[in-house]
Amino acid sequence: AGLHAAMSAAALVPLVGLAPLLLPLLGPPLLLWCFAHFAMGVSLRYLIRCFYLELLLRFRRSRAAAEDASVAGSRYVAPALSEAQKQQPTLRGVNVPSQADYCAKGQTIPPTKRSSTLYPKEQPPVGEELPYDLTSPARRHSGFMHFGRAPKESAVEGPEEDEAWLHRVRCLREGAEVHRQVRQHVQQKVRPGMELRQIVEMVENASSALVGFDPKHPLKRSFAFPTGLSLNEVAAHDTVNPGDAPRWLLPTDLAKLDFGVQVEGHILDCAFSFSFSPLHDELMQAVKDATNEGIRHAGPDALVAEVGLLIQEVMESAEVHRPDGKVLPIYAIKNLTGHSIAPYRIHAGKSLPSCHFGGSVRMLAGELWAVETFGSAGGVGFVCSAGPTSHFMRGSTEPPSTMQSRILSSNAKAMLDLIDRRFSTLAFCPRWVVQEAARSKPSFFRSTGGARDAQQWWSSPLEELCNVGLVTKYSPLADVQGCHTAQYEHTVLLRGSGKEVLTRGTDF
């Protein structure tokens with residue numbers, strides 16, 4: 001035994017001698033793996049893939065910028081369209097309801113009746129109820145060095161459905177019905193040649209009327225986040241700012257309309273893509289199918305990374321066939337994700353990717369999820385900031401620290417007070433800040449006189465709040481200039497007995 005131990009120790013001597021040579025080679029990859037896995041909760045492969053795609057995106061953007069400058073400029077000129085193009089387009093990407101079907105439950109055109117008056121008291125319409133797929137691959141362990149846990153009974157049973165739970169469900173169903181009625185109205189009215197501001201205001205005016213928004217109690221019922229209207233290569237977080245030059249919807253555009261409502265803090269988040277050109281049908285269908293695949297596999301104890309892999313497989317199995325004979329692959333956008341939702345918080349901490357990004361995070365019964373997917377044709381499947389910021393959000397309503405208070409100007413402090421009072425932790429945009437300031441007339445607004453030529457008065461105090469970390473900005477996110485992106489999204493509640501796709505409608 002002593003001889004065997006001596007021989008084993010002697011065999012280790014060469015390895016110990018190689019340690020100074022191996023550490024410089026293995027040390028950085030090991031540290032990077034630890035950073036990805038433990039600090040970010042993703043796989044090293046996903047991290048490296050995103051780094052490569054960002055470099056590729058920036059390179060392709062630099063080449064495409066000069067070529068597409070004339071196309072970008074044409075958006076700021078009203079398109080010369082025939083009356084036939086304006087009045088009788090075929091909206092693609094959704095099933096547009098007829099006016100008769102839309103008004104069947106008593107709603108008007110344009111919608112003016114609060115949605116809760118159109119159904120029996122405390123009985124809003126139920127969404128699409130689906131059983132859980134117990135054979136879904138997302139419920140099993142897979143992958144190299146995957147650290148997970150066995151399914152637990154508590155994760156499947158869900159919370160007790162007491163009065164507080166039932167009230168939450170009623171609020172969510174009411175918000176979902178508002179969303180359906182608003183978006184189906186917009187689907188009937190949107191036309192090529194419309195100014196983007198007109199479309200956004202159509203959404204917000206209808207949402208405000210149907211949800212029962214009260215300026216005196218703005219946090220009880222309101223918009224949940226800015227109305228996103230992102231075109232072509234811009235995938236998310238674009239809307240109209242005060243003082244922006246007019247932008248117009250062109251017949252060949254691929255648009256994403258992403259908006260939400262909240263009832264007593266319970267948020268409904270839903271989005272769809274639309275176009276007037278058959279050029280985008282295959283991309284929109286692929287992304288819609290991928291979203292439905294994510295919904296099918298969502299459920300208690302499902303690994304979100306595995307759900308993301310299943311989404312990616314469906315989306316990237318499709319292709320786009322151009323009239324010139326080119327075949328474009330469809331890429332799932334790797335750094336845009338679905339997410340869990342909490343009261344007054346659109347992103348509650350968990351993310352649902354459109355690819356396998358590692359980690360051991362699972363869905364739990366009782367959680368509310370925004371299952372959303374983004375796809376790109378002609379791009380790289382990755383997005384970076386592009387254009388002026390229009391989306392902002394407070395991470396918490398904690399007051400500024402002593403150091404922050406010393407730095408902030410009086411206008412910035414007044415702006416922070418307005419944000420906390422009107423939006424709390426809900427996302428907002430400068431247009432809403434201007435509307436609230438016009439109503440409440442704080443000191444920093446009165447000093448500008450509210451003049452139209454001073455529409456950028458909000459910029460400086462808001463920038464101050466962002467610089468000290470009290471407000472976070474979310475810039476528009478775009479793939480390669482000239483490509484096209486699509487998005488579909490539904491809000492899904494994971495109940496103990498099954499899932500409910502709250503925002504499902506006859507349109508999509």
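A residue counts as buried under 20% relative accessible area, as exposed over 50%, and as partly exposed in between. The exercises below concern a predicted model.

**Exercise 1. Classify D281 and R92, and determine which parts of the chain their salt bridge ties together.**

Solution.
Step 1. The relative accessibility of D281 is 28%, which lies between the two cut-offs, so D281 is partly exposed.
Step 2. R92 has a relative accessible area of 25% and is likewise partly exposed.
Step 3. Side chains of opposite charge can pair when their charged atoms come close. In the salt bridge of D281 with R92, the closest N and O atoms are 2.8 Å apart.
Step 4. D281 belongs to helix α9 (residues 281–297), and R92 to the loop between α4 (83–87) and α5 (99–103); the pair therefore ties together parts 189 residues apart in sequence.

**Exercise 2. State whether K350 and E367 are buried or exposed, and locate both residues in the chain.**

Solution.
Step 1. The side chains of K350 and E367 form a salt bridge, with an N to O distance of 2.7 Å.
Step 2. K350 is placed in the loop between β8 (338–341) and β9 (351–352), while E367 is in the loop between β9 and β10 (368–377); the two are 17 residues apart, and the pair links distant parts of the chain.
Step 3. Both K350 and E367 are buried.

**Exercise 3. Explain how the buried residues of helix α15 are arranged, and identify elements that cover them.**

Solution.
Step 1. Helix α15 spans residues 459–467, and its residues P461, L462, L465 and C466 are buried.
Step 2. Viewed down the axis of α15, these buried residues fall within an arc of 145 degrees, so they line one face of the helix. An α-helix has 3.6 residues a turn, so residues three or four places apart point the same way.
Step 3. The cover over the buried residues of α15 includes β12 (391–393), α12 (410–422) and β13 (472–474).
Step 4. Just after α15, G469 adopts a positive phi of about 85 degrees.

**Exercise 4. Describe the salt bridge that joins helix α15 to strand β13.**

Solution.
Step 1. K473 pairs with E463, their closest N and O atoms being 3.1 Å apart.
Step 2. Because K473 lies in strand β13 and E463 in helix α15, the pair ties together parts 10 residues apart in sequence.
Step 3. K473, with a relative accessible area of 35%, is partly exposed; E463, at 32%, is also partly exposed.

**Exercise 5. How many salt bridges does the model contain, and which residues are linked in a network?**

Solution.
Step 1. The count comes to 22 salt bridges when a side-chain nitrogen of Lys or Arg must lie within 4 Å of a carboxyl oxygen of Asp or Glu.
Step 2. D417, R421, R422, E436 and R439 are linked in a network of salt bridges.

Technical notes:
Residues are numbered from 1 along each chain as its sequence is written. This is a predicted model: local features need pLDDT of at least 70, side-chain atom pairs count only at pLDDT 80 or more; totals for chains, interfaces and linings use all residues. Side-chain values use heavy atoms; hydrogens and water are left out. Buried means under 20% relative accessible area, exposed over 50%, partly exposed in between (1.4 Å probe, protein chains only). Helices (H or I, at least four residues) and strands (E, at least two) are DSSP runs, numbered from the N terminus. The arc is that of the directions from the helix axis to the C-beta atoms. Contact means heavy atoms within 4.5 Å.
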